[in-house]
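Got your viewer ready? Let's take a short walk through this model, one selection at a time.

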Amino acid sequence: MFHDSISARRPAWRWALVALALVATFGRPLPAFAQAKPQPTPPAQTKPAPKPAAPNPAAPAATPSATPSAPATGSVAPPVDEGPKIRIADIEVRGNRTVSEETILLTIPIHAGQDVTRAQVMESLQRIYGLGFFLDVRAATEPVPGGERLIFNVVENPVLKEVQIEGVTVFPAEELKQPFVPMQGKIINLKDVQAAIKDMEKRYADKGYVLARVIDLQVQPTGTLLIKVAEGIVNEIKVQGNEETQDYVIRREITLKPGQIYNFNQMQEDLRRVYNLNYFEDIGIKYEPVPNDPAKVNVVVSVKEKQTGTFQLSAGWSNRDGPLGILSLRKDNLFGRSQSVSADLTVSRNFAAELNYFNPWIDEQHTSFGTSLYWRNYFNYYGGFLEQRRGAALSFGRPMFGQDPVTAQWRQAARIRVEGVGLMGELNNWTQPLDTVTGQPLPANQSMTDLNTTLGYTVTFDSRDYTLNPNTGWFNTYSLDQYVPGLSSVRMTRLQLDVNRYTPLWFGHTLAVGWKLGTLQTPFGGSVPAYERFYSTGAYLIRGWRETADRGYLNTLGPLGQTFSGDSFTLGSIEYRFPIVNILSGVVFGDTGIFWDQFSNNFGWERARSGYGLGIRVNTPLGPLRLDYGLHRWGEPGEIHFSIGQKF
């Protein structure tokens with residue numbers, strides 16, 4: 001990756017020091033084994049490696065592409081030729097003014113009276129240079145009685161008087177100079193300078209600027225330390241791997257733009273939004289150098305698309321609905337433009353036909369548009385009737401509070417729905433018309449259909465990390481639906497609050513807590529119709545209790561299961577979600593809810609019903625497949641619940 005290659009570069013000042021080592025030495029030249037100065041390697045500039053860009057919870061762990069080969073069995077490394085040796089009669093240090101000779105001599109592994117090789121002298125030079133106080137270190141010899149005098153010629157760094165930092169915009173230069181303050185007035189120690197540079201780069205990395213680095217360091221004779229910083233300016237953002245999805249669909253989710261300083265935290269959030277489009281099974285990021293401009297970088301976003309169209313034709317048997325047939329056509333990312341269209345047909349006791357279209361971006365302000373046509377027959381076991389709905393709906397949504405259209409967490413939506421609703425009873429094979437308010441049979445040859453026009457408004461706060469299977473964040477919805485007087489058979493207002501919190505625990509474990517509260521009001525008079533009451537089904541289900549119920553079972557709960565219906569309700573759920581293996585995860589859950597009628601004086605904790613149990617989730621491109629087994633009382637048979645998507 002580009003990050004690795006640039007972090008391994010040595011600034012130009014280091015190579016300059018190495019070049020100085022090759023210049024002719026002071027005094028009598030060394031023997032052939034000690035002519036050259038070693039090429040010291042100061043501590044490498046380190047920087048935390050970027051984290052994975054937009055992790056796919058269902059993706060398998062990466063496998064290394066190559067493994068280092070083991071050495072050949074029985075091979076023996078050839079001996080190193082250390083060259084001739086000379087007898088060292090004396091050792092002297094020259095050129096030091098501030099650093100004591102004793103400090104230097106204690107560093108080297110050579111002492112008088114020893115026969116030394118070129119390698120030992122090179123090691124000594126390396127150690128002296130490693131003290132960090134010297135701009136140059138060289139070695140020479142001169143004859144003395146009993147052998148040779150080994151002379152180390154050193155050039156000390158100047159005393160630090162000033163630090164100049166160029167190329168910084170993220171932090172004030174004075175803030176970055178703080179680690180150098182204790183060095184003022186002292187001889188420059190390159191080890192301390194290197195530590196200060198690491199501190200500087202860590203400040204950048206801690207804020208997400210992981211490509212920021214020092215590209216040049218100059219120690220001037222006047223005592224000025226000149227540091228040049230490249231903060232990692234984005235030259236270009238490239239998108240690759242998308243064959244169907246239009247580039248702009250991906251780019252409009254990316255807030256990082258060319259000319260800005262690269263920030264990994266910002267880019268990670270951008271890639272999270274791209275992943276939440278649900279068009280890609282994997283997303284990666286890499287960096288490319290910009291020729292002749294080390295201060296800039298090209299960012300490459302690579303995606304792997306997944307199937308976004310589904311066709312389903314099936315037949316089966318449901319414990320709830322009996323025999324059924326399903327025909328479903330759905331295409332997300334239509335024409336690669338992030339639009340979706342679907343057509344669904346279900347033939348069973350719960351007959352349903354539906355057409356839907358949704359476009360999340362119809363303008364630069366991230367205004368969304370959706371429309372649907374539907375015809376649904378739904379058998380309500382707790383209500384004891386067959387509900388028939390036919391209607392159409394339009395909706396528009398956009399960000400609130402002037403927030404950035406891309407990153408906005410607060411959104412609002414307005415909708416209008418026109419709908420006809422009728423109820424049928426079980427007499428004559430579910431062809432008996434019922435009164436839509438009371439749910440009671442109508443006289444012979446009479447029918448009743450409500451025609452309603454509803455205006456709705458919803459405010460949503462969404463800070464989830466991943467929409468299909470969140471690990472952290474909030475997802476809260478506050479909604480109001482008003483049946484328009486004069487255009488509706490019903491005079492009613494629906495208010496509902498839905499609050500969900502997801503808290504990461506450890507190693508992919510999540511604690512999810514949800515709470516729902518709803519009420520139906522009739523401020524203009526009239527009654528709440530039977531088909532608009534809240535029932536313990538679907539999103540309002542208390543797991544562990546039956547979804548499908550016969551009359552005998554319902555009567556054990558009260559007349560037609562009235563404990564599980566009302567014009568008001570509150571329901572709380574808690575789930576401990578944990579990974580099992582690959583795409584399989586588990587859940588421990590508990591639900592508690594109360595349904596009641598406001599004007600019947602029947603609210604009481606004795607009406608509360610609870611359930612608890614275990615479940616498994618299978619992560620799929622459509623969302624988690626959910627299978628739960630719940631109990632409402634220990635020692636009694638439990639209930640199985642199956643659906644698509646998390647309960648909340």
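Start by selecting Ile362, which is partly exposed because its relative accessible area of 42% falls between the 20% and 50% cut-offs. This is a predicted model, so keep that in mind as you go. Ile362 sits in the loop that links strand E14 (352-359) to strand E15 (368-380).

Now add Leu394, Phe396, Ile416, Val418, Leu451 and Leu455 to the selection: together with Ile362 they make a nonpolar surface patch of about 600 Å². Strand E16 (385-399), strand E17 (410-425) and strand E19 (449-462) each give two or more residues to this patch.

Next, pick Thr431, in the loop between helix H9 (427-430) and strand E18 (432-434). Thr431 is partly exposed, with a relative accessible area of 47%. Leaving aside residues up to four places away in sequence, Thr431 touches Met424 and Gly425. For a distance to try, go from the C-alpha atom of Thr431 to that of Leu386: the two residues are 45 apart along the chain, and the atoms are separated by 9.0 Å.

Last stop: helix H6, residues 190-206. Does its length fit the expected span, or what do you get from end to end? At 1.5 Å a residue, its 17 residues should span 24 Å, and the end C-alpha atoms are 24 Å apart, which agrees. At the start of H6, zoom in on Asn189, where a side-chain oxygen comes to within 2.8 Å of the backbone nitrogen of Lys191. Then colour the buried residues of H6, among them Leu190, Val193, Ile197, Met200 and Tyr204. After H6 comes Gly208, with a positive phi near 100°.

Key:
Residues are numbered from 1 along each chain as its sequence is written. This is a predicted model: local features need pLDDT of at least 70, side-chain atom pairs count only at pLDDT 80 or more; totals for chains, interfaces and linings use all residues. Side-chain values use heavy atoms; hydrogens and water are left out. Patches are made of residues with over 30% relative accessible area and no salt bridge: like charges are joined within 9 Å, nonpolar side chains (Val, Leu, Ile, Met, Phe, Trp, Tyr) within 5 Å. Accessible areas come from the Shrake-Rupley method with a 1.4 Å probe; for residues, only the protein chains shown count as cover. A salt bridge is a side-chain nitrogen of Lys or Arg within 4 Å of a carboxyl oxygen of Asp or Glu. Helices (H or I, at least four residues) and strands (E, at least two) are DSSP runs, numbered from the N terminus. Buried means under 20% relative accessible area, exposed over 50%, partly exposed in between (1.4 Å probe, protein chains only). The expected span of a helix is 1.5 Å times one less than its number of residues. A polar contact is a pair of N or O atoms within 3.5 Å; within protein, one must be able to donate a hydrogen and the other to accept it, and residues adjacent in sequence count only if both atoms are side-chain atoms. Contact means heavy atoms within 4.5 Å.
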